[in-house]
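Biologist: I would like to go through this structure with you step by step, taking one question at a time. Could you show it first?

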Amino acid sequence: MAAPNRSVMGKNTSETVESVDVKAPGPPPPRSSLPPDWLDEDIATSPATENQISIAPPFVAKDRALLTMLNGLNAGQVFRLEMPETILGRAKDVAVRVDDVGISRNHARIVRTEDGRFVLEDLSSTNGVFVNGKKVVRAELASADRVQIGPSAILRFALLDAEEEELARRLYESSTRDALTRAFNRKYLAERLTSEVAYAQRHKTRLSVIMFDLDYFKRVNDTRGHMAGDVVLRVVALQVTRLIRTEDVFARYGGEEFVVVVRGIAHGNVALFAERVRKSIEQLVIPLEDFKLRVTASFGVSSLAECTEKSADALLKITDERMYKSKVGGRNRVTS
Amino acid sequence: MAQTVRFPQVTPSAPPATSENVLADQRETEKLLSIPAPFARDHASLTLLTGPNAGQIFPLDVENVIGRDFDAQIRIDDGSLSRAHARVIRHANGKFVLEDLDSTNGTFIGNDRIKQRELVSGDRIQLGPKLTLRFAITDEAEEMLQRQLFESSTRDHLTRAYNRRYLMSRIAAEVAHARRHGTELGLLLFDIDQFKLTNDTHGHLVGDAVLRAVGDRVSALIRIEDVFARFGGEEFVVLIRDTPPRDAVQLAERLRISVASMTVRAEGAVVQVTISLGVGSLEELTPEAGGKELIALADVRLYRAKEEGRNRTCAATPPE
């Protein structure tokens with residue numbers, strides 16, 4: 001038996017949030033128009049809010065071949081394998097760009113055969129290609145296979161239907177947190193900083209940006225492995241989260257680069273705050289499996305008032321230049 | 001002019017092992033260090049594919065009742081579901097079996113209405129006329145990624161306004177900022193009048209079009225720094241920073257008049273809608289009050305606007 005006609009059924013069941021239009025005779029008691037659970041921080045599903053994702057037909061073909069990044073800065077990103085050949089690598093012009101340590105420029109490719117199968121091939125990469133943990137030169141992919149390229153980048157291959165693909169894309173596009181550190185991601189930072197610049201301009205309020213980059217982080221990754229590198233990033237992010245105020249926006253800007261957007265504070269005090277964060281990172285002792293690690297970071301601080309062009313990009317650019325100054329000046333310092 | 005300041009080092013040789021700055025919480029360290037073993041596909045879950053919470057993931061236990069009931073393990077509050085609609089049982093051999101619990105609208109896998117069937121990873125389950133879920137067996141990393149993506153999503157899929165989760169965290173931040181700096185913070189809460197009637201008369205596709213049209217209109221009228229969010233079914237919030245109450249009321253009136261002048265055409269229907277608004281500002285509240293109290297204040301006024309005949313704004317300062 002086929003699924004019932006959904007649009008017709010939908011009408012019969014389309015109740016919305018409990019009716020608020022109660023006509024009480026006489027003065028009404030103060031009553032809330034909100035559902036009783038509105039105080040919950042969690043989203044309680046509002047009763048029968050209607051389908052918000054278009055309904056797919058009853059028969060749904062799993063005909064979308066997708067690669068999903070499972071880790072890294074772009075965890076959750078979805079690539080659809082539409083072409084007869086898809087290259088994976090670090091080069092700027094490849095279809096599936098994975099900018100990570102140990103990835104070759106053209107690392108691997110996935111070929112769609114004429115009969116609709118998908119074959120993964122290593123393109124003589126330095127660090128190899130793995131499927132479900134096994135090193136391969138050439139392998140046919142099955143749905144749910146896990147593809148690893150280089151030492152750390154992991155992707156999932158899957159055959160999905162249109163609705164599942166749409167959902168995966170929407171979740172990624174509307175996500176705002178970096179999966180590893182839980183800091184806001186770069187996309188959110190760009191959006192938020194633009195709105196903060198507009199606000200600061202309109203209300204003549206202060207707006208500053210702190211940017212920092214971990215010193216010699218590549219060395220940690222190379223000598224201790226990327227798992228250790230990941231732990232360092234998480235510990236540092238956790239520490240910074242403890243130091244900032246609720247309204248500050250803390251984001252991961254790049255591999256080992258972070259940004260804090262600070263509102264309403266005089267420039268000199270923002271620099272002092274950056275110095276506190278610097279000291280605090282320097283004092284961290286990060287326990288890894290069999291040894292302890294210490295890290296430092298180089299900082300740049302700037303304020304919107306200093307920018308000739310009042311834009312998020314200009315603000316980030318100046319901050320980045322100052323951070324670079326800290327790097328060439330000997331690292332583990334603040335330039336403001 | 002940029003200047004480089006080298007701050008004096010704090011006794012670089014002595015490791016401040018007892019300092020509070022040293023990773024305070026041991027438990028958190030352990031969590032950070034526990035990296036899941038790769039490729040163990042032992043996490044069975046259901047993912048919601050439709051509705052306002054599309055993307056939500058439910059890990060599966062031994063017995064999992066899916067339905068509208070409060071005590072259902074997988075509670076989905078949707079009117080088209082039965083209270084206890086179906087259940088998924090994990091058998092001793094590790095297999096998962098889906099059973100319909102004599103639901104009114106039926107349980108389907110693919111095209112088939114089923115009474116009981118073993119699930120295969122990737123199966124699409126449909127409960128009733130419109131709710132679909134995907135069954136999958138994945139590993140911990142994958143399940144975690146999906147959960148994180150869902151939890152960090154901030155936009156409502158239909159209207160592209162911010163969702164309620166984001167709004168609540170953002171209000172907390174804005175209240176903290178306004179308190180610290182002594183600035184003003186206003187909040188508009190509005191609701192589409194007689195929305196249920198629109199839905200019942202024209203169907204929920206038209207209802208969705210109305211929500212989208214109102215969302216678009218409001219987005220176009222507010223400033224880039226204002227936070228516009230969908231709060232519930234047909235309820236929305238606009239959080240406005242550093243704006244005196246009088247200006248907040250003016251904005252509310254602008255939104256109201258603009259929405260009332262709009263005509264929504266969808267699915268052959270032509271609909272005109274109005275909104276009722278409640279306006280509150282942080283300075284009306286006690287110093288301890290936070291975001292929830294601010295919403296509650298606007299809500300009382302929204303309710304009054306409804307009582308007084310809808311299509312109006314209610315605030316401490318009356319609209320001019």
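Biologist: Leaving aside neighbours within four places in sequence, with which residues of chain B is A:L70 in contact?

Modeller: This is a predicted model, and in it A:L70 has contacts in both chains once its neighbours within four places in sequence are left aside. In chain A these are A:A75, A:I154, A:L155 and A:R156. In chain B they are B:A141, B:E142 and B:L145.

Biologist: Which strand gives the largest share of the largest nonpolar core?

Modeller: The largest nonpolar core has 55 residues, and A:L70, A:I149 and A:L155 touch the most other members. Its largest share is six residues, and these come from a strand of chain A that spans residues 153-160, namely β11. Apart from this core lies another, of 52 residues, including B:Y162 and B:L187. The strand you asked for is thus β11 of chain A.

Biologist: Turning to chain B, how many helices and how many strands does its secondary structure have?

Modeller: Chain B has 320 residues, of which 45% are buried. Among its contacts between residues at least 6 apart in sequence, 57% join residues at least 24 apart. Its secondary structure comes to seven helices and 19 strands.

Biologist: In the open sheet β14-β15-β13-β18-β19 of chain B, which strands stand at the edges, and why is one side of each left without a neighbour?

Modeller: The five strands of this sheet are paired in a mixed way. At one place in it, β18 (residues 275-281) runs parallel to β19(B), joined by two bridges, and B:G278 has B:C314 as its bridge partner. An edge strand has a single partner strand, so one side of it is left without a neighbour in the sheet, and in chain B this applies to β14 (227-230) and β19 (313-314).

Biologist: Which helix lies across β13, β15, β18 and β19 of chain B?

Modeller: The helix spans residues 245-260 of chain B, and it runs at about 170° to β18(B). The strands β13 (185-192) and β15 (235-241) are also among those that it lies across. This helix is α6 of chain B.

Biologist: At what angle do α5 and α6 of chain B pack, and is the crossing left-handed or right-handed?

Modeller: Two packed helices are described by the angle between their axes and the distance between the axes. For α5 (residues 204-221) and α6 of chain B the axes are 10 Å apart and the angle is about 140°, which makes α5(B) oblique to α6(B). The contact includes B:V214 and B:R217 of α5(B), and B:R254 and B:L255 of α6(B). The angle is therefore about 140°, and the crossing is right-handed.

Biologist: Why is strand β12 of chain B described as largely enclosed, and how many of its residues are buried?

Modeller: Strand β2 (residues 43-48) pairs with β12(B) in the antiparallel sense over six bridges, with B:A44 opposite B:I137. Strand β11 (residues 124-127) of chain B also pairs with β12(B) in the antiparallel sense, over four bridges, and there B:R124 has B:R134 as its bridge partner. As for burial, β12(B) covers residues 131-138, and it is largely enclosed by the rest of the structure because the buried ones among its eight residues number seven.

Biologist: Which residue takes a positive phi in the hairpin of β11(B) and β12(B)?

Modeller: The hairpin has three residues between the two strands. The positive phi is near 65°, and the residue that takes it is B:G128.

Technical notes:
Residues numbered from 1 in each chain as written. Chains lettered and ligands numbered in written order. Predicted model: local features only at pLDDT ≥ 70, side-chain atom pairs only at ≥ 80, totals over all residues. Core = buried A, V, L, I, M, F, W, Y, C linked by C-beta atoms within 7 Å. Buried ≥ 20, exposed ≤ 12 C-beta atoms within 10 Å, placed from the backbone. Contact = placed C-beta atoms within 7 Å. Pairing = 2+ DSSP bridges. Axes fitted to C-alpha atoms, helices over the stretch in contact; angles between N-to-C directions. Parallel < 35°, antiparallel > 145°, perpendicular 65-115°, else oblique. Left-handed = near helix turned anticlockwise from the far one by under 90°.
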